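Biologist: Hey, I've just opened this one and I'm new to it. Can you walk me through what packs against what?
Modeller: Sure, let's pull it up.

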Amino acid sequence: MNRRQFLASTSAALLTAGLASNSASAAEFIPGFDDAAARGVPVLVHVTAPWCEVCQAQKPVVARLLGTGDFKSMKKFDVDFDSQKSVLRKLKVQSQSTMVLFKDGKEIDRSVGVSDPARIEAFLRKAL
């Protein structure tokens, strides 16, 4: 085997291994996620950073919605953009102010950088 073939096969193997490790479910890296999914409740994973202005605008909107009506059964998990890098890698999140929505343990949609209350509400309704 020449050097070029060796490098190509090694790169392919590493890429395949990396993709396999990223295919893990959220239950494997967010404590409590699997319990919520097993109960059949919709789940919101909210990725924020304390220095992010959009995140700070999203938080009260999400809190207000999750505390009322249709959204009371939704479970929210907060992920810190600065300190929980392994979770970001698993979810393939590249930006703070990201909301990832799950139904029956499977991702159904995501939103990045949205702070408009009406748009956040419409986004969350997708999991109901």
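Biologist: Before the helices, what makes a crossing left-handed or right-handed?
Modeller: A crossing is left-handed if the near helix is turned anticlockwise from the far one by less than a right angle, and right-handed if clockwise. Keep in mind that this is a predicted model.

Biologist: OK, so which hand is the crossing of H3 and H5?
Modeller: H3 and H5 cross in the right-handed sense.

Biologist: And at what angle do they pack?
Modeller: Helix H3 (residues 53-66) and helix H5 (residues 117-125) meet at about 50 degrees, and their axes are 10 Å apart. That angle makes H3 oblique to H5.

Biologist: Which residues make the contact?
Modeller: From H3 you have Gln58, Val61, Val62, Arg64, Leu65 and Leu66, and from H5 there are Pro117, Ile120, Glu121 and Leu124. Sorted by type, the contact of H3 with H5 has seven nonpolar residues, one polar and two charged.

Biologist: Switching to the sheet. What order do the strands come in?
Modeller: The order is E2-E1-E3-E4, four strands in an open sheet with mixed pairing.

Biologist: Which strands stand at the edges?
Modeller: Those are strand E2 (75-80) and strand E4 (106-112). Each has a single partner strand, so one side of each has no neighbour in the sheet.

Biologist: How much are neighbouring strands turned against each other?
Modeller: On average by 20 degrees, ignoring direction.

Biologist: You said mixed. Which way do E1 and E2 run?
Modeller: E1 and E2 run parallel, joined by six bridges. One residue to look up there is histidine 46, whose bridge partner in E2 is aspartate 78.

Biologist: And E3 with E4, parallel or antiparallel?
Modeller: Strand E3 (residues 98-103) pairs with E4 in the antiparallel sense, over six bridges. Lysine 103 sits opposite lysine 106 of E4.

Biologist: Where do the helices go relative to all that?
Modeller: H3 lies across strand E1 (43-48), E2 and E3, and runs at about 160 degrees to E1. H5 packs on the sheet too, touching E1, E3 and E4, and its direction makes about 25 degrees with that of E3.

Biologist: Is E1 mostly covered or open, and how many of its residues are buried?
Modeller: Mostly covered: six of its six residues are buried.

Biologist: Which ones point which way from E1?
Modeller: Val43, Val45 and Val47 point one way, while Leu44, His46 and Thr48 point the other, and all are buried. In a regular strand, side chains alternate between the two faces of the sheet.

Terms used:
Residues are numbered from 1 along each chain as its sequence is written. This is a predicted model: local features need pLDDT of at least 70, side-chain atom pairs count only at pLDDT 80 or more; totals for chains, interfaces and linings use all residues. Side-chain values use heavy atoms; hydrogens and water are left out. Axes are lines fitted to C-alpha atoms, for helices over the stretch in contact, and angles run from 0 to 180 degrees between N-to-C directions. Helices (H or I, at least four residues) and strands (E, at least two) are DSSP runs, numbered from the N terminus. Angles under 35 degrees count as roughly parallel, over 145 as roughly antiparallel, 65 to 115 as roughly perpendicular and the rest as oblique. Contact means heavy atoms within 4.5 Å. Ala, Val, Leu, Ile, Met, Phe, Trp, Tyr, Cys and Pro count as nonpolar, Asp, Glu, Lys and Arg as charged, and the others, Gly among them, as polar. Two strands pair if DSSP finds at least two bridges between them. Buried means under 20% relative accessible area, exposed over 50%, partly exposed in between (1.4 Å probe, protein chains only).
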